[in-house]
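Student: Could we go through this model together, starting with whatever surrounds the ligand?
Tutor: Yes, let us begin there once it is on screen.

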Amino acid sequence: MTTSREVPGPPAGTDLVVVGAGIAGASIAYHAARAGASVTLLDAGRAGGGVTADSFAWIGSSGVSTGAGAGLRVAATEEYHRLEAELPGLPVTWSGSLRWSAGAWGAGESAPEPGPGQEIVDAATAARREPNLRQAPGWALWAPGDGAVDPVGTAERLVAGAREHGARVHLGSPVVAVRQDGAGRAVGAETAAGFHPAATVVLAAGTATKALAAPLGVRVPVEASPATLLRFRAPAGLVRGVVSTQDFDLRQVSADRLIAAADSPERALAAVRSTFRGAEGVELISARVGARPMPADGDPIIGSVGEVPGLYVAVMHPAVTLAAVVGRLVARELVDGVVEAALAGCRPGRFGRFGRGGPEA
Ligand SMILES: Cc1cc2nc3c(=O)[nH]c(=O)nc-3n(C[C@H](O)[C@H](O)[C@H](O)COP(=O)(O)OP(=O)(O)OC[C@H]3O[C@@H](n4cnc5c(N)ncnc54)[C@H](O)[C@@H]3O)c2cc1C
């Protein structure tokens, strides 16, 4: 029995099958195709149709200073700027984010230490950032570099970019199994419509990654973590940027629409109405629960799986924020054979034996 390799070996060939056209798989397919790989991208449904469609989609690269994902998050914003330049029409907006917690640090209390990319602003500055606040908080964390995307539009643009670089894209094409050869190597993906051979199979299927890997004897420690996305009808210009409080993460997505990630639709609606002037008529349109792919220790799981040569896993949270940077780094590993130090803390091997009778993580 071998243990998981911590790093990928040299690429056995640059033909890849990427399973999953959510924001993670779409980005990997785009970057790999752009780097010269022969890419086949397979999805059971449409691009961005998984939990990506129900994401709040904040590119929240600020305020995280610990964990394997921290370095990746610091780079996330810059990598989206690069992607914008490469892919005209990418639906990204740069508004900054304003965060406060009324209970924990209101007027008169001392402000917390700002994290990377954040600064502390006073009530007057917070009010300038969000002019419709009824009452500005005493202190807020302002992250000027943060932004947000239309997550489905971004996945679609990445898939279109992959096609422009020669990728073959099969949507509505569920993978039923990863095929192995007699030596146990992953050699491609089986769908109802046929077999797609590859030197490397990349599993970027979100929460479904676990079930796709299980028949290979590989246990991917990722769980479905529910989170609720709310859609509101709202007046134009009510909210300027991303606003995050103890009751909601909130942003305006069009002239008459707000979206929010929140635990309670009722509490969030009441809080929106009481937080902003002119919000009395805001109405809840929908509440949808999405299943976020959440690694057991919270950090991304990205890399080769030593027990099954030719198998590479890419599953992470928060994948919208990380998609641009991770897509580029994964492509460097799989296409150029570079071992990316920035992914060192994300390796499957950190869970001990990753599969085949290995201990529970
Ligand atoms: C309410 C809410 C708010 C969120 N807010 C943020 C945020 O602000 N910022 C952030 O970064 N993240 C946020 N997230 C998390 C983010 O949405 C996810 O991390 C991200 O969408 C995961 O992308 P993915 O590509 O890994 O998964 P998915 O989008 O689920 O994509 C997986 C794809 O694999 C396909 N697939 C599955 N099985 C198969 C198969 N057998 N064969 C072929 N294809 C298959 C699916 O059809 C799907 O398209 C939020 C999530 C929720 C629910």
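Student: So how many nonpolar, polar and charged residues are in the shell around the ligand?
Tutor: The shell around the ligand has 24 nonpolar, 14 polar and 3 charged residues, where Ala, Val, Leu, Ile, Met, Phe, Trp, Tyr, Cys and Pro count as nonpolar, Asp, Glu, Lys and Arg as charged, and the others, Gly among them, as polar. This is a predicted model, in which local features need pLDDT of at least 70 and side-chain atom pairs count only at pLDDT 80 or more, while totals for chains, interfaces and linings use all residues. Residues are numbered from 1 along each chain as its sequence is written.

Student: Which residues around the ligand come nearest?
Tutor: Of the 41 residues around the ligand, the nearest are Gly22, Gly50, Gly206, Gly290 and Pro318; a residue is taken as near if its C-beta atom, placed from the backbone, lies within 6 Å of the molecule.

Student: And which helices and strands supply at least two residues of that shell?
Tutor: Those are α1 (23-34), β14 (222-233), β18 (283-295) and α7 (319-336), with helices (H or I, at least four residues) and strands (E, at least two) being DSSP runs numbered from the N terminus.

Student: Where does the ligand lie relative to the domains?
Tutor: Domain 1 (15-89 + 150-221 + 296-351) and domain 2 (95-144 + 225-292) both give residues to the shell, so the ligand lies between them; the bounds come from an automatic or database domain assignment. The C-alpha centres of the two domains are 31 Å apart, and 14 residues of domain 1 are in contact with 16 residues of domain 2, contact being C-beta atoms, placed from the backbone, within 7 Å.

Student: Switching topic, how do α1 and α7 pack?
Tutor: Their axes are 8 Å apart, at an angle of about 40°, the axes being lines fitted to C-alpha atoms over the stretch in contact, and angles running from 0 to 180 degrees between N-to-C directions. The two helices are therefore oblique to each other, since angles under 35 degrees count as roughly parallel, over 145 as roughly antiparallel, 65 to 115 as roughly perpendicular and the rest as oblique.

Student: What about α2 against α7?
Tutor: Helix α2 (residues 68-86) and α7 have axes that come within 7 Å and cross at roughly 85°, which makes α2 roughly perpendicular to α7. By class, their contact has 9 nonpolar, 2 polar and 3 charged residues.

Methods:
Contact = placed C-beta atoms within 7 Å.
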